[in-house]
Protein chains: 2
Amino acid sequence: MTRTTAVFRTARDTSRWGLDAMKLDAVDIRQAASAADIVYEALRKAIIEGALAEGENLRQDQIAQMFNTSRIPVREALSRLEQHGLITTQRYKGAVVAGLSIEEIEEIFEFRALLEAEVIRLAVPNMDRRTLELARRHCDEFGKESDSAKWGETNRNFHYSLYEAARRPYYLQIVRASLDRIDRYLRAQLTLTDGMKRAAREHEAILEACTKGDAELASSLTRDHILDAGRSLVAFLREQRG
Amino acid sequence: MTRTTAVFRTARDTSRWGLDAMKLDAVDIRQAASAADIVYEALRKAIIEGALAEGENLRQDQIAQMFNTSRIPVREALSRLEQHGLITTQRYKGAVVAGLSIEEIEEIFEFRALLEAEVIRLAVPNMDRRTLELARRHCDEFGKESDSAKWGETNRNFHYSLYEAARRPYYLQIVRASLDRIDRYLRAQLTLTDGMKRAAREHEAILEACTKGDAELASSLTRDHILDAGRSLVAFLREQRG
DNA sequence: CATAGAAAGATTGGATCCAATATACAATCT
DNA sequence: AGATTGTATATTGGATCCAATCTTTCTATG
């Protein structure tokens, strides 16, 4: 391992040798993921996609064995998940996948509507041809996917490709976190209703407004898109939960 | 320590004995803070109040010794601080108190204006007499305090006492996190300018609008209050940083 | 038989130890 | 001298061990 480091250290200064010719990417080796990063990302993905049911118990030892590591990185991953509201923990009792009440879900949708409507309003003036083309490609993906996991991914890609143009990293971080919290419920509902077709239509309309440069229209469409999704999800859950 | 635990364990089941008569508060002993909680809160407070300068190095070992504990709880505390954006860490290099660029500060103020204006709009219809009286008391505190740490605390108390009425825990969590990030800069500026007097006047106006039940006015006053503070802070920082 | 209380097992929180990496500095070569 | 390489030290990441607590099971007793 010491050898490996030495190799990279030498490789990093490309001023001499013929290294330039090798066209190595300027990857910063130090950003390599830690064990905690890997565990965190895996658990986050599992929770978001609904692979881990809400209320499910997360035992440190068990997770550690899954990832062939000790409990220390697992604890750090769990700590991060708790900060993001994806799990809840009790001292000496452990962690469970967080479940959301219908009221909490309603609040998050209301919040997202406010935030994302503003983000896209700020984004529209900055959208260049590349952004719109990228969003167009994501938008076209919707027709093809029926798997809810992939659909959810495409949904994120579409919205974020537009939101990026707002150049508001802090807003986007919050948007991401709030979507993380309700994505499972959204995906579960989309597969069981005609929500996907409806969402696809609304995405088309949003993209069109962006292409025309109509920030206000894009904003209000986004707002309605989110509120509609929230309403039908809540209706679905009330049915399901009784 | 074992003795102490035994005492608590016995005290917890109040079914027997004459404990009911003692009118003990129903404090859940299990919520007692862990070492990580204590370290986290202390560091968070220090960063928010500006006691720890931005860029300052946070050594795990050093902090552990300060709190008479091992590095494990310290690591967890640092992890939480990083999730909240109060510090930045690099693998094998450690943690430093996060600094914000002027652009980032502007973005956070813009974000807060959007969010808090909405929160207070939602809150006004729910404000009862107790809420308004509490806010009034906090508002009256402003005249007395000139210490920036206490002023900052009073400022939070005032705003949150109104925001609570919105009954939107998720919104409030985000509001709190975004204020945490810029509080240091705000406090530093307030002590050096006449910002405190101005803020006090604006607080009076906001409280008055709430008392009258004018949600739209309270919302727009809050929005302006935050944007004004942001603008003068940014001007101050541009001066200071050159 | 039901239930309070105690013992046993499981699980988390924290301490200590080892490994991996970074930084600072001395040694060496041109 | 200046650059480069090796080494020593400091610091973080991860593994293992112990203590504190929760949960379950068992037992005694009414």
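**Cavities, a pocket and their surrounding elements**

In this predicted model, 20 residues line the largest cavity, and those nearest its centre are Leu186(B), Leu190(B), Ala199(B), His225(B) and Ala229(B). The space inside this cavity comes to about 240 Å³, and the structure holds three cavities of 30 Å³ or more. Four helices of chain B, namely α7 (148-163), α8, α9 (195-212) and α10 (215-241), each contribute at least two residues to the lining of the largest cavity. By class, that lining is made up of six nonpolar, eight polar and six charged residues.

One of these helices, α8(B), deserves a closer look. Its 24 residues span 34 Å from the first C-alpha to the last, close to the 34 Å expected at 1.5 Å a residue. Even so, α8(B) bends by about 50° at Ile182(B). The helix is also mostly covered, with 17 of its 24 residues buried. Besides lining the largest cavity, α8 (169-192) of chain B gives two or more residues to the lining of the largest pocket.

We turn next to that pocket. The largest pocket encloses about 1,400 Å³ of space. Its lining counts 45 residues, and the closest to the centre are Glu82(A), Thr89(A) and Gln90(A) from chain A, along with Glu76(B) and Arg80(B) from chain B. Several elements of both chains give two or more residues to this lining: on the chain A side they are β1 (57-58), α5 (71-83), β2 (87-90), β3 (94-97) and α6 (102-123), while chain B brings α2 (35-48), α4 (71-83) and α8 (169-192). Among the contributors, α5(A) supplies the largest share, six residues. The lining of the largest pocket divides into 17 nonpolar, 13 polar and 15 charged residues.

Chain B also offers a small piece of strand architecture to follow. Here three strands form an open sheet, ordered β1-β3-β2, with antiparallel pairing. Because β1 (57-58) and β2 (87-90) of chain B stand at the edges with a single partner strand each, one side of each is left without a neighbour in the sheet. The pairing of β2(B) with β3 (residues 94-97) of chain B is antiparallel and runs over four bridges. Within this pair, Thr89(B) has Ala95(B) of β3(B) as its bridge partner.

Notes
Residues are numbered from 1 along each chain as its sequence is written. Chains are lettered from A and ligands numbered from 1 in the order in which they are written. This is a predicted model: local features need pLDDT of at least 70, side-chain atom pairs count only at pLDDT 80 or more; totals for chains, interfaces and linings use all residues. Side-chain values use heavy atoms; hydrogens and water are left out. On a 1 Å grid over the protein atoms alone, a cavity is a set of points where a 1.4 Å probe fits but cannot get out, and a pocket is an open set with protein on both sides within 12 Å along at least five of seven lines; lining residues have an atom within 4 Å of a point. Grid points are joined across faces, edges and corners, and a volume is the space filled by probe spheres set on the points. Ala, Val, Leu, Ile, Met, Phe, Trp, Tyr, Cys and Pro count as nonpolar, Asp, Glu, Lys and Arg as charged, and the others, Gly among them, as polar. The expected span of a helix is 1.5 Å times one less than its number of residues. The bend at a residue is the angle between axes fitted to the seven residues ending there and the seven starting there. Buried means under 20% relative accessible area, exposed over 50%, partly exposed in between (1.4 Å probe, protein chains only). Two strands pair if DSSP finds at least two bridges between them.
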